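Got your viewer open? Load the model and get ready to click along, one selection at a time.

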Amino acid sequence: MPRGLLRPALIICVFLGAVAAASAGVWRYAYLQALDQLERQGQSDLALASDRLVGQLQRFRELAVFLADHPYSADLASGHGSEPAQGLFLEVADKTGALDVMFVDLTGRVQASARHLTTANLSQTDYVKRAQQGALGWGHGVDKPLSKRAFYYAAPVFGKTGKVRGVIVVAVGMDGIEDAWRGGLRAVFFTDAQGKVFVTNRSDLILWQRATDGPGLAPPDGQAPSFASYETGRHEIWQLGWGPYLPKNALHLVRHLPLIGLTGEVLLDVAPARQLAKLQAAVVAALCLAFGAMLFFATERRRTLARANMQLEESVARRTAALSEINTTLRQEMVDRQDAQTALARAQSDLLQASKLSALGKMSAGISHELNQPLMAIRSFAENAEQFMNRDQPERVRDNLGRISEMARRMGRIIKNLRAFSTQQAEPPTRVNLVAVLDSAVDMISERACDMGVSVHYTQSRQAIWVKGGEVRLGQVFTNLMTNALDALGDCETRELSVSIRQTKEISISIRDTGPGVLDPDKVFDPFYSTKEVGASEGMGLGLSISYGIIQSFGGEIRVRNCEPGAEFTVELQPWTAQEAA
């Protein structure tokens, strides 16, 4: 491609890429907005369906309580009167639409039933056991004699002495309830604790159970249909292959129903949301392309005129340059010789000055950087306090003075942490706030971690944790371990540093990184052991050996292990007890 056409082609490619990125952003935003609106609609539909199901089942609970207080139930509990009670149960079942109404004795056997199922034994069902204890029981399952799904309510029948003499069980068939709202626009289903679909307005999903390897559904024979799920923003999208009556891509919503022990779920087709997002993205792309085309043609015309003018000026410049080139060359040789001598003397002087500035910079750069921000904040608060004092606002003045005091304490803490590395401490172990020591160590390395792009995961404890040790020496140990972790993360793609506290009989502090790990964990605490290059300025391999001795002097332990990825240093310290305080 000619050089003159390369730049316009490059500009067009960049512009088309920007239009594509903008259109993708608009599509993403519009799609998420449409999903939010679809979620609100779906939650409303799911709440309506859930309330409808709960309401339809609750009236059968009242029926069970009512029949438990009927005189015929008392007669059955006394051992006679089964024929009148059975007729009553049949009449009640026919009029209310109940699948069956039964009386169960204390052994769990059915003594009377509207469907004459007197051979059944319900002693092992949870709802009958609960009713036999005097409480209202409920449950669901498949009625084996009738081969129908049923929801059961069990109410205790009390005798004159107040003891439970039997149980009234009302079985509610799910087919009748589903017929009232089958074929709705939304695919709604209710699952039990095992993930099995118990009630639904889609017959294809009846008694399907959640697969063990994901949130999909599997039929009873174990052959799961095509299914996948992914997250879009905060929404869960299901990709389905379950037939024409279920959407291929659906928004999945969940609502828990503790009153009946089921979980309501709904699937909402996201195709309209995608179509709306595509339309908005197409409009944005068309507008950008139209504007870009007009701008491109206008720019190309100006560039053509400028190119012709530039060619004329270059021709004149070449003739002038040819006449002065020889004279300039001779003068330049003289100047270059003088410059070389001057540069040699200046380089020698700069080398000496650089060595001096390097030593001075190593001492002052860290302190200047750490103290600059609090000093600027103190100055700002002081000027504000002066203005508020002139305005006779003492409360605002007091607030600014308090902030100045806080900044001063912060500067003192920074200076204390920096000074701690230049002092040695030989005091006996005392009570030390471990949380404050870790906060200080994390604060010391946070600036470097930010510059390196390292994510520091540390949750500050709200309560003090008291351990046996020395504040300065513990600070040296933790800062040394965190600094080594940052050194190990220098060339890693994933840069994370985690600091955590675990309390058992002893108090353990874990410092873990995602670096390359430790080459020889058994020798890492030996003196002069180091993984850094020989002669490097970072250290001589004594830091971990000194840290090991400090922790041992406090009665603690320090160890290291390799993880996947990185390495983890664990420090165990003795908690401070009341006996030691005494």
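## A walk from core to surface

Start by selecting Cys492: this residue is buried, because its relative accessible area is 17%, under the 20% cut-off. Keep in mind as you go that you're looking at a predicted model.

For contrast, hop over to Cys13. This cysteine counts as exposed, since its relative accessibility is 52%. If you're hunting for disulfides while you have cysteines on screen, the structure holds zero of them.

Now zoom out and show the whole chain as a cartoon. You should find 11 helices and 20 strands. Of the chain's 582 residues, 36% count as buried. If you take the contacts with a separation of 6 or more, 57% are between residues 24 or more positions apart. Switch to a surface view: the accessible surface comes to about 35100 Å², and carbon and sulfur atoms account for 56% of that.

Time to look inside. Which residues touch the most other members of the largest nonpolar core? Select Leu57, Phe89, Phe190 and Ile260: they're the ones, in a core of 52 residues. Colour helix 1 (residues 3-68) as well, as the largest share of this core, 15 residues, comes from there.

Stay with Phe89 for a moment and show its surroundings. Not counting neighbours within four places in sequence, Phe89 is in contact with Leu76, Val101, Met102, Phe103, Ala112, Ser113, Ala114 and Ile168.

There is also a second, separate core, made of 41 residues. Among its members are Ala449, Ile550, Val571 and your starting point, Cys492.

Ile550 leads you to the next stop, helix 10 (residues 543-553). Select its buried residues: Leu544, Ser545, Ser547, Ile550 and Ile551. What do they pack against? Colour helix 9 (471-488), strand 19 (557-562) and strand 20 (567-573), and you have the partners. Just after helix 10, click on Gly555, which takes a positive phi of about 80°.

Last stop: back to the surface. Select Leu276, Leu279, Val283 and Leu287, which together make a nonpolar surface patch of about 390 Å². Val283 is found in helix 6 (residues 271-390). Is Val283 buried, exposed or partly exposed? It is partly exposed, because its relative accessible area is 45%, and that class lies between the 20% and 50% cut-offs.

Key: Residues numbered from 1 in each chain as written. Predicted model: local features only at pLDDT ≥ 70, side-chain atom pairs only at ≥ 80, totals over all residues. Heavy atoms only, no water. Disulfide = S-S within 2.5 Å. Buried < 20%, exposed > 50% of the residue type's maximum accessible area, 1.4 Å probe, protein only. Helix = DSSP H or I, 4+ residues; strand = E, 2+ residues; numbered from the N terminus. Contact = heavy atoms within 4.5 Å. Patch = residues over 30% accessible without salt bridge, like charges linked within 9 Å, V, L, I, M, F, W, Y side chains within 5 Å. Areas by Shrake-Rupley, 256 points an atom, 1.4 Å probe, with all protein chains shown as cover. Salt bridge = Lys/Arg side-chain N within 4 Å of Asp/Glu carboxyl O. Core = buried A, V, L, I, M, F, W, Y, C linked by side-chain atoms within 4.5 Å.
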